[in-house]
Structures are given as structure tokens and as C-alpha cells.
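Hi everyone, thanks for making room for me today. I'd like to walk you through a structure, starting with the overall picture and then going into how some of its helices meet.

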Amino acid sequence: MLSFASDYTEGAHPQVLKRLCETNLEQLSGYGTDPYCESAKQKIKAVIGKPGADVFLLTGGTQTNQIVIDTVLGACEGVICADTGHIACHEAGAIEYTGRKVLPVAQTEGKIAAETVEAYLQSFYADDNHDHMVFPGMVYISHPTEYGTLYSLAELTALAAVCRRYEIPLYLDGARLGYGLMSAGTDVTIADVAELCDVFYIGGTKVGALCGEAVVFPRGNAPKRFFTSIKQHGALLAKGRLLGVQFDALFTDGLYFAASRHAIEQSDKLRKLFAEKNYQYFIETVTNQVFIVLENRKMEELARSVSFSFWERIDTDHTVVRFATSWATTDEQLAALESLL
């Protein structure tokens, strides 16, 4: 079965896997105290230009979102996000499971505007009964978004300004951050993310790692006892080396960015392929996620030979589906898809 279902269907980038094998028999201390974890953290700090940052390595995106949001929010606080946001739709209520409320707001192509957030906050505090309500204590965004779109530097700057006026943190979910940074359609750098966000994570699971996400508090602003909170959430990996070795490899000689760039180059070819075959795009994207509209009968026929992701129904006869490229997508796979189309 040919697969364009997601960007984490393969294992690990060969160079990452090679380093895991090379270090396999080394006897190292646990819980992220090994030299590879420390090296990875220092390399990440150097790349983002924040030597005083706090960096923590976790294993998965939902786990990361749950722990960051739960530990950063204060009592009686919830998290603002797009109504299409991952924490609102595809994390099985993980945020609510910790007793935190998700506060969805309207979005456009997966993005929330600074004006939308400010209007929400103004309305909240204008309500004389707001002391009886869940306080908006954080803003969550994803970059790229769930629709493969990107925030511009101006949009990100405006969101950060609103958050600072209201003294609430801006949290960026970077599960696919590499693909956003390497897109020709972006003006946002990883240094911009570190400057404007109060906390973000660099996704490894979808960008060449076997598993792993790097949580960054760029101003050394991690919540008190964050390490112990990770343990309390059952998320502290005893063999922390597994994460350290991978991120150390990803941030050596620009591998993270090279792997991400490959996915973008392949997605550009994929978009050209769909255009030549006269397929209709649901939304224009510049990252590794491509959304097209399929007639249901054609979708069922294609699904016999290639896997892709269901996204949403447009009407009784048409469905939006997603095709995703990754660091591992080959020209041969694209050629095979072209023949099927």
C-alpha cells in the first residue's frame, strides 16, 4: 500500500538511527541526565539564539501539550485555541482530563487572529460575572496549523503583543515546526518563534525522530519544578538517552532543517502533480500537507491502492482528504501516485 497518510509513518531518519545504534551499548545515566541530552539541549539553545532557555525532552505531542498546559496554567484557568486546534479536536480530551478547560475561538484556515483573541479577552473581563468563570490563562496555536497553513511574522507578533498586554503566555505547538520553517512561503524563523512565544516545542516525531519533542521555555521561564511535574504526569523516560541521542543527531550539521526541506521539496512536486491532473485544492498550503477535494466514488477507488487522511465532508458527494509528504518521501513514491491518479 502506497502511503501519504501522514509524516510519521516511517521510523527514524537513517542518520538518527545510526547514532542510536552507535551509542546503544554505552552505559549512561537515566532520566535525561546523560551527556547526549545535555548536548542536544545546548545545540537547540544555540540554534534559537537563547543561551538561557530551559529545554526538556518528551516523547510525544499529546503528552507534551497536556503537561505544558497543565503546569503553566494557574488555578481556574483555561487555554484559548482555534476551534480546529489539535487540543480541541484530536487529543481525546487530554487537556480536560487534567481539569483544564479548552476555550475554542473562531479561526480562518486554521489560524486565530490577534483581534479574535483580544475580543475574547475584552468580552471576558467586561462580564461582571467573570470571577465565576474559567479564566483565559494561555493562548495555544500550532505552526504549521492543522490545515497546513502558517502564521506570518506580523500575525505572530500581533498575537504575542495581545498576550503580553493581558499577561498570559503564548504557547506554540511545533509538531511540524521544521516543515513550517523550511517552507518558501514563510517569513518566520526559529529565532522569531523563540523571541515571540513564551513556550513552544520542536517536533521530532514528525520530523525524522523515532519519537520525541523538545519543549523550550526561551527565557528560562519554565514553571517551578517542571521536571518533577513531568515525572508526576508519568512522562519521565528512564532511558532519556533515547531522546537525547536523537535530538543531538537532528541538530548536528543542520540535519533537522535538511530533512524538513526535503519534505517541502516533495510536497511542491505533489502539488504540481495534482494541478496537472486538474484536482481541486480545498485550501492553498505551502507546507508538507496538501488538501484536495475528491468525489466520493473516486476517493473509494483511490483508497484501494494508496492511504491518505480523511479530513472533512464538503457535501454528500465530495470529501476533503489530506496527502502528506515527509523527510522520507521518494520520487518513486510520487511517480507511483501519479500513475494511480
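Let's start with one helix pair. Helices α2 and α11 are oblique to each other, because they pack at an angle of about 40°, and angles between 35 and 65 degrees fall outside the ranges called parallel or perpendicular. Before I say who touches whom, please keep in mind that this is a predicted model.

The α2 helix covers residues 35-48 and α11 covers residues 241-250, and their axes are 7 Å apart. As α2 passes α11, the crossing is left-handed. Which residues of α2 make the contact? They are Tyr-36, Cys-37, Ser-39, Ala-40, Lys-43 and Ile-44. Facing them from α11 are Arg-241, Gly-244, Val-245, Phe-247 and Asp-248. If you sort the residues of this contact by class, you get 6 nonpolar, 2 polar and 3 charged. The spacing of such contacts is something you may recognise: an α-helix has 3.6 residues a turn, so residues three or four places apart point the same way.

Now let me step back to the whole protein. Its secondary structure comes to 14 helices and 13 strands. The radius of gyration is 20 Å, close to the 20 Å that the globule rule gives for 341 residues, so the protein is as compact as a globular protein of that length. If you picture a box along the principal axes, the C-alpha atoms fill roughly 60 × 55 × 35 Å.

The next pair is α6, residues 114-126, with α7, residues 153-165. Here the angle is about 20° and the axes are 8 Å apart. How do these two helices lie, parallel or antiparallel? They are roughly parallel, because angles under 35 degrees count that way. Their crossing is right-handed. On the α6 side we have Ala-114, Val-117, Glu-118 and Leu-121, and these meet Ala-158, Leu-159, Val-162 and Arg-165 in α7. This contact divides into 6 nonpolar residues, no polar ones and 2 charged.

While we're around α7, have a look at the loop that runs between β5 and this helix, where Pro-144 lies. The peptide bond from His-143 to Pro-144 is cis, with omega near 0°.

Two backbone spots also deserve a pause. Most residues other than glycine have a negative phi, and most peptide bonds are trans. Cys-76, however, has a positive phi, near 70°. You'll find Cys-76 in the loop between α3 and β3. The other spot is Asn-278, just after α12, with a positive phi of about 65°.

That brings us to α12 itself, which has 22 residues, from 255 to 276. How far does α12 reach from its first C-alpha to its last? The span is 32 Å, close to the 32 Å expected at 1.5 Å a residue.

The partner to look at is α14, residues 331-340, which packs against α12 at an angle of about 15°, with the axes 11 Å apart. These two are therefore roughly parallel, and their crossing is right-handed. From α12 the contact uses Gln-266, Lys-269, Leu-270, Leu-273, Phe-274 and Glu-276. From α14 it uses Asp-331, Leu-334, Leu-337 and Glu-338. By class, that contact has 5 nonpolar, 1 polar and 4 charged residues.

That's my tour, and I'm happy to rotate the model for anyone who wants another look.

Conventions
Residues are numbered from 1 along each chain as its sequence is written. This is a predicted model: local features need pLDDT of at least 70, side-chain atom pairs count only at pLDDT 80 or more; totals for chains, interfaces and linings use all residues. Side-chain values use heavy atoms; hydrogens and water are left out. Helices (H or I, at least four residues) and strands (E, at least two) are DSSP runs, numbered from the N terminus. The expected span of a helix is 1.5 Å times one less than its number of residues. Axes are lines fitted to C-alpha atoms, for helices over the stretch in contact, and angles run from 0 to 180 degrees between N-to-C directions. Angles under 35 degrees count as roughly parallel, over 145 as roughly antiparallel, 65 to 115 as roughly perpendicular and the rest as oblique. A crossing is left-handed if the near helix is turned anticlockwise from the far one by less than a right angle, and right-handed if clockwise. Contact means heavy atoms within 4.5 Å. Ala, Val, Leu, Ile, Met, Phe, Trp, Tyr, Cys and Pro count as nonpolar, Asp, Glu, Lys and Arg as charged, and the others, Gly among them, as polar. The radius of gyration is taken over C-alpha atoms; the globule rule is 2.2 Å times the number of residues to the power 0.38.
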